[in-house]
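Q: Please take a close look at a single part of this structure, the ligand site. One connected answer would suit me, covering the space, its walls and the contacts made there.

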Amino acid sequence: MRSSSGEQPAQSLPAALRVAYHRSDRAGEQPARVLAAIRFGAATSPPAALTIDVGLEPLQAPGAAATPGAELWFATGPVHTGQWSDDGNRQVRFAQDGHYLFAVVELDEREHGGILLTAEHAYAAVRQFQQQSGFPHLLRMWNYMDAINEGSGDLERYRQFNVGRGRGLGEVSESYPSATAIGRQRPNHILQVFWLAGKVPGQSLENPRQVSAFNYPRVHGPVSPVFARALIAPDHTLLISGTASIVGHHSQHHDDAMEQLEETVRNLSSFAPRRPRAGAQGDLLKVYVRDPELTARIAERLRQLYPTSDVLFVAADVCRRELLLEIEAISLAS
Ligand code: 3EB
């Protein structure tokens, strides 16, 4: 937080983020307090201050242990929860632990007049909430929506989402958070936006192999996606945005999932020098796959490449119709 009156802000080291995938066969093994549980499909999870049910189906990777069904963000201090509504009565649910805040806004497109206005209203709520939250710095955002590739040209729903997001968020005074935007395969009319914010800013990173999304040329839509390729959180955790087979701003290897995987891995590798010197813990990877049939081959290759990572697969549509998979990653600092 910026101090306007000149007093010294506290310089204590920001608390270390702790995140893990939860498997239902390990119920009862998580004694730590959970700030936020992000649950996929009909998965169960330990009690959490904030539970976010995401309508994306987890997929079983052959040979793996039980399918992880939830992503748990553990509390780093005493937890407070609340509900807040903006001037348009849009509800934000949140939980914070003194260091970090998790929050979610879920809007029904049928009540907001389509994806563009729904995104605009959701992001207006994000902006208003953030201004008064005490956790002003957006670190990581997820956007889940229906039928992301429906519509053609500038009317494609992902592009309309981008118009609404840009309008709702308005001018931002600092760099963008890392993010994911993904399509549900079973529609429920809900635009779901959830995010991690902090008291201290992160450091956003761009990928030298890719045009920054906020500088995409007009051909990808009237308003560019506003996110950073990655962000280093205050505790040095590396949060890599949804990453796909895009070089420059062009999709590569149309219709070849395994080649897209290799390109995506090269994109992820750009951030390898920025990985914190991790302890024993491996990275967390979340893989969004358009065709669940591809899970086994992708899982096998990822096991070769990242033997110590924990990988969660979900069935989902990627924001360009030719893209068959997308991967986001977390490299924990401790
Ligand atoms: C891309 O690189 C792929 O709109 O928030 C990845 C991560 C993608 C975040 C977003 C979109 C977003 O353009 C898509």
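**The ligand site**

A: The second largest pocket holds about 370 Å³ of space. A pocket here is an open set of points on a 1 Å grid over the protein atoms alone, with protein on both sides within 12 Å along at least five of seven lines; volume is the space filled by probe spheres set on points joined across faces, edges and corners. The model is predicted, so local features need pLDDT of at least 70 and side-chain atom pairs 80 or more, while totals for chains, interfaces and linings use all residues. Residues are numbered from 1 along each chain as its sequence is written, and side-chain values use heavy atoms, without hydrogens or water.

Start with the walls. The pocket is lined by 27 residues (an atom within 4 Å of a point). Tyr158, Tyr216, Ile246, Cys319 and Arg320 are the closest to its centre. Helix 3, strand 10 and strand 14 (238-243) each give two or more residues to this lining. Helices (H or I, at least four residues) and strands (E, at least two) are DSSP runs, numbered from the N terminus. Helix 3 supplies the largest share, four residues. By class, the lining has nine nonpolar, ten polar and eight charged residues. Tyr and Cys count as nonpolar, Arg as charged and Gly as polar.

Now the occupant. The ligand takes up the space of this second largest pocket, with more than half of its atoms within 2 Å of the grid points. It is surrounded by 13 residues (a heavy atom within 4 Å). Tyr158, Arg165, Tyr216, Arg229 and Cys319 are the closest.

Three side chains make polar contacts (N or O pairs within 3.5 Å) with oxygen atoms of the ligand. For Tyr158, the distance from a side-chain N or O atom to a ligand oxygen is 2.5 Å. For Arg165, the corresponding distance is 2.7 Å. Arg229 also places a polar side-chain atom 2.7 Å from a ligand oxygen. On its own, the ligand has 360 Å² of accessible area (Shrake-Rupley, 1.4 Å probe), and the protein covers 100% of that.

Which elements build the shell around the ligand? Helix 3 (157-169) and strand 10 (178-184) each supply at least two residues. Strand 10 gives the most, with three. The shell around the ligand has eight nonpolar, two polar and three charged residues. So in the shell strand 10 leads, whereas in the pocket lining helix 3 has the largest share.

Definitions and conventions:
Polar contact = N/O pair within 3.5 Å; in protein donor to acceptor, adjacent residues only side chain to side chain. 1 Å grid on protein atoms, 1.4 Å probe; cavity = no way out; pocket = protein on both sides within 12 Å on 5 of 7 lines; lining within 4 Å.
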